[in-house]
Amino acid sequence: MLRISWTEKKSNESVLIEANSRRSLIKTIRKRQATFLGHVMRREKLENLITTGKLDGKRGRGKQREKMMDGIKRWLGSRSSTETMTAMGHRELWRNMIADASKHGTG
C-alpha cells in the first residue's frame with residue numbers, strides 16, 4: 001500500500017504514477033450518465049421531452065449551460081446529436097457505444 005505523508009508536496013498525477021493507477025471516477029460518472037440518458041430517451045415521458053428540449057419556455061439570462069447530451073456526445077466521440085439519439089433508441093448499440101467509450105474515451 002502506498003503511503004504519502006501529508007507534508008509532501010506531490011501532484012495528483014505523480015501519486016497516480018507511483019501507485020500505478022489511473023483516474024476512474026470521471027469514467028464511471030460518464031458511463032452512468034450515458035446509461036441513464038439511454039434509459040430516459042427510450043421512454044416517451046416528460047424526461048424525454050425535457051432532455052431533447054421539446055418543451056416550450058424561456059431560457060434564463062447569462063451563459064448557456066452545457067447540456068448533458070453535449071458532454072455524453074463528446075465522450076462517445078459521436079459526430080452528431082442525431083447519431084447519438086439514434087443509438088440510444090437501440091439498446092444493444094447504445095451499450096456497445098458506452099463500453100467502447102469506457103475503454104477508449106476521454107474524461
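Accessible areas are those given by the Shrake-Rupley method with a 1.4 Å probe. On that basis, the accessible surface of the chain in this predicted model comes to about 9,000 Å², and carbon and sulfur atoms account for 51% of that surface. Of the 107 residues in the chain, 21% are buried.

The secondary structure consists of 6 helices, with 0 strands, and the pattern read along the sequence is accordingly α-α-α-α-α-α. With regard to contacts within the chain, when those with a separation of 6 or more are considered, 50% of them are made by residues that lie 24 or more positions apart.

Helix H5, which spans residues 81–89, illustrates how a helix of this chain is placed against others. Its buried residues are Thr84, Ala87 and Met88, and, when H5 is seen down its axis, these buried residues fall within an arc of 105 degrees, so that they line one face of the helix. An α-helix has 3.6 residues a turn, so residues three or four places apart point the same way. The partners against which the buried residues of H5 pack are helix H2 (25–42), helix H4 (68–76) and helix H6 (91–104).

The structure holds 3 salt bridges, and Glu8, Lys10 and Glu18 are linked in a network of such bridges. Within this network, the side chain of Lys10 meets that of Glu8 at a distance of 3.5 Å from N to O, while the salt bridge between Lys10 and Glu18 has its closest N and O atoms 2.4 Å apart. Each member of the network has a relative accessibility that lies between the limits for buried and exposed residues, which are under 20% and over 50% respectively. Lys10 therefore counts as partly exposed at 34%, Glu8 is likewise partly exposed with a relative accessible area of 36%, and Glu18, at 41% relative accessibility, is also placed in the partly exposed class.

A further salt bridge is formed between Glu92 and Arg95, for which the closest N and O atoms are 3.5 Å apart. Both residues belong to helix H6, where they are 3 residues apart and are therefore separated by about one helical turn. Arg95 is partly exposed, its relative accessible area being 46%. Helix H6, which contains this pair, is also one of the helices against which the buried residues of H5 pack.

Conventions:
Residues numbered from 1 in each chain as written. Predicted model: local features only at pLDDT ≥ 70, side-chain atom pairs only at ≥ 80, totals over all residues. Heavy atoms only, no water. Helix = DSSP H or I, 4+ residues; strand = E, 2+ residues; numbered from the N terminus. Buried < 20%, exposed > 50% of the residue type's maximum accessible area, 1.4 Å probe, protein only. Contact = heavy atoms within 4.5 Å. Arc of directions from axis to C-beta. Salt bridge = Lys/Arg side-chain N within 4 Å of Asp/Glu carboxyl O.
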